[in-house]
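Thank you all for coming. I would like to take a few minutes to walk through one model with you, beginning with a single strand and moving outward from there.

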Amino acid sequence: MKIIILGGGQVGATLAENLSGEDNDITVVDNDPDRIDYISDRNDVRTILGHASHPRILRDAGCENADMLIAVTPSDETNMLACQIAYTLFRTPKRIARIRSEEYTSYGDKLFHKDDMPVDHVISPEQQVTDYIARLVRYPGALQVMEFAGGRASLVAVKAYYGGKLVGHAISTLKDHMPNVDTRVAAIFRQGQAIKPMGTTIIEAGDEVFFIADTRYVSMVMEEMQKLEHHYRRVMIAGGGNIGAGLARILEENHRVKLIERNRKRAEELNASIRHATILEGDASEQNLLIEEHIEDVDLFIAVTNDDEANIMSAMLAKKLGAKKTMVLIQRQAYVDLVQDGPIDIAISPQRATVSALLSLIRRGDIVNAYSLRKGAAEAIEAVAHGDEKTSKVIGKAINEIKLPPGTTIGAIVRGHEVLIAHDDTIINADDHVILFLVDKKYIREVERMFQPSALFF
């Protein structure tokens, strides 16, 4: 597939890295020579220096023959204009734009049409991150929560700790512990290395375990891996931008929420628009403020300002002063790696959330949902089984009859409103939503082909 990525920032560079090793023809455009050099030195991609919405630059990038344009520059206006020009002048078939401002996204249904603003798909990073954090708040103790099939099934990553009922026991004993709940361990990472989960595999303390289950039973399965944490009641949010405000609105119905915003005007706006959360004007890294607001009683401190250092320092201070758990939004991947095993409980990369949303739109073979995992090395996907027994490689076959690529696991099947945990004798029907985990995403093309009816093979 020939893909043009406009913008070589964190998201553009991460996306280029994810796609360059998958037999794609990637071109990255950016007007910063340092970014261009950085990307070309580290990836097998073509790079062009220039303004992303200029017709000449788009022509040089190959818009006339491209399958897809992905506009992720820092400017909403540049992204939208580039999609307009790609459609009007070059008829680029698929156009995706990252758009941050609510001034645009709130009118999305009216704006983004071929007759008006020809953007096929809008990616809103702030909304992606907000929804992601909200899922983590819903399941205390989870490292990652990924939803599939409209939220009916979930893939959850947890760290196994002593106190979890399954720790020190074989995976096969899960059925003894939960006879009425079916689940599947999709992957285990032990000291950074993938271990193929089998019935005889012993779960050890420290393992990072990915399991899939009907969303209704996620908390029950989590208790098998670690002592179940109490639900968060008191939440403090540092940062009143789109993410912080969005979280406050989601959480205020069922949690006692305090939001700290240092800008007075913004704090006043939030106070007028948010109903139940307490809005505080001040600096979240100011010790006296945290003490005055009883940080020692806070179950979860979430730092989501646009400053990595401020987020890290305020979360570290909050933890030192008694906050039970901390989540931090961090833009720089090097910082994520640095703090993850330290005083920060969960470090959240907005780039990974955005890349996951983009992968869902890029993947072929009727893949409708995708999540980038393990710094882009692994992937979880949701594929729809289209066709019939004559045209499909999976329909009508039991799972043990399907030749899956190495390290690939079918975790569950969603059939209508029913979640079926995958077993060897489970048969895939037409229109099933099949959820797979790939330990090594280099096999993604094989999976794409597997779920593409033969009449559409490429």
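**Strand E22 and its surroundings**

Let me start with strand E22, which is largely enclosed by the rest of the structure, because 5 of its 6 residues are buried. Please keep in mind throughout that this is a predicted model.

What joins E22 to other strands? Strand E19, residues 378-384, runs antiparallel to E22 and is joined to it by 6 bridges, and within that pairing Val 384 stands opposite His 433 of E22. Strand E20, residues 408-415, is likewise antiparallel to E22, again with 6 bridges between them, and here Thr 408 is found opposite Leu 438 of E22. As a general reminder, side chains in a regular strand alternate between the two faces of the sheet.

Now to the aromatic residues, where the structure holds 3 aromatic pairs. In one of them, Phe 148 and Tyr 371 meet edge-to-face, with 5.3 Å from centre to centre and 80° between the planes. Since Phe 148 belongs to strand E7, residues 142-148, and Tyr 371 to strand E18, residues 367-373, this pair ties together parts that lie 223 residues apart in sequence. Phe 148 has 0% relative accessibility and therefore counts as buried, and Tyr 371, with a relative accessible area of 14%, is buried as well.

A further pair brings us back to E22: the ring centres of Phe 210 and Phe 437 are 5.0 Å apart and their planes meet at 50°, so this pair is described as tilted. Phe 210 sits in strand E11, residues 208-214, and Phe 437 in E22, residues 433-438, so that distant parts of the chain, 227 residues apart, are linked by this pair. Both Phe 210 and Phe 437 are buried, and together with Phe 189 they make up one aromatic cluster.

A ring of another kind of contact is that of Tyr 87, over whose face Arg 91 lies, at 4.5 Å from the ring centre.

Finally, let me turn to empty space. How many cavities of 30 Å³ or more does a search of the whole structure find? The search finds 1, and about 40 Å³ of space lies in the largest cavity. Its lining consists of Met 1, Glu 22, Asn 24, Ile 362, Arg 363, Arg 364, Arg 445 and Glu 448, which by class amounts to 2 nonpolar, 1 polar and 5 charged residues.

I will stop there, and I am happy to take questions.

Conventions
Residues are numbered from 1 along each chain as its sequence is written. This is a predicted model: local features need pLDDT of at least 70, side-chain atom pairs count only at pLDDT 80 or more; totals for chains, interfaces and linings use all residues. Side-chain values use heavy atoms; hydrogens and water are left out. On a 1 Å grid over the protein atoms alone, a cavity is a set of points where a 1.4 Å probe fits but cannot get out, and a pocket is an open set with protein on both sides within 12 Å along at least five of seven lines; lining residues have an atom within 4 Å of a point. Grid points are joined across faces, edges and corners, and a volume is the space filled by probe spheres set on the points. Ala, Val, Leu, Ile, Met, Phe, Trp, Tyr, Cys and Pro count as nonpolar, Asp, Glu, Lys and Arg as charged, and the others, Gly among them, as polar. Rings of Phe, Tyr and Trp (its six-membered ring) pair if their centres lie within 6.5 Å; planes under 30 degrees apart count as stacked, over 60 as edge-to-face and the rest as tilted. Helices (H or I, at least four residues) and strands (E, at least two) are DSSP runs, numbered from the N terminus. Buried means under 20% relative accessible area, exposed over 50%, partly exposed in between (1.4 Å probe, protein chains only). A charge sits over a ring if NZ of Lys or CZ of Arg is within 6 Å of the ring centre and within 35 degrees of the ring normal. Two strands pair if DSSP finds at least two bridges between them.
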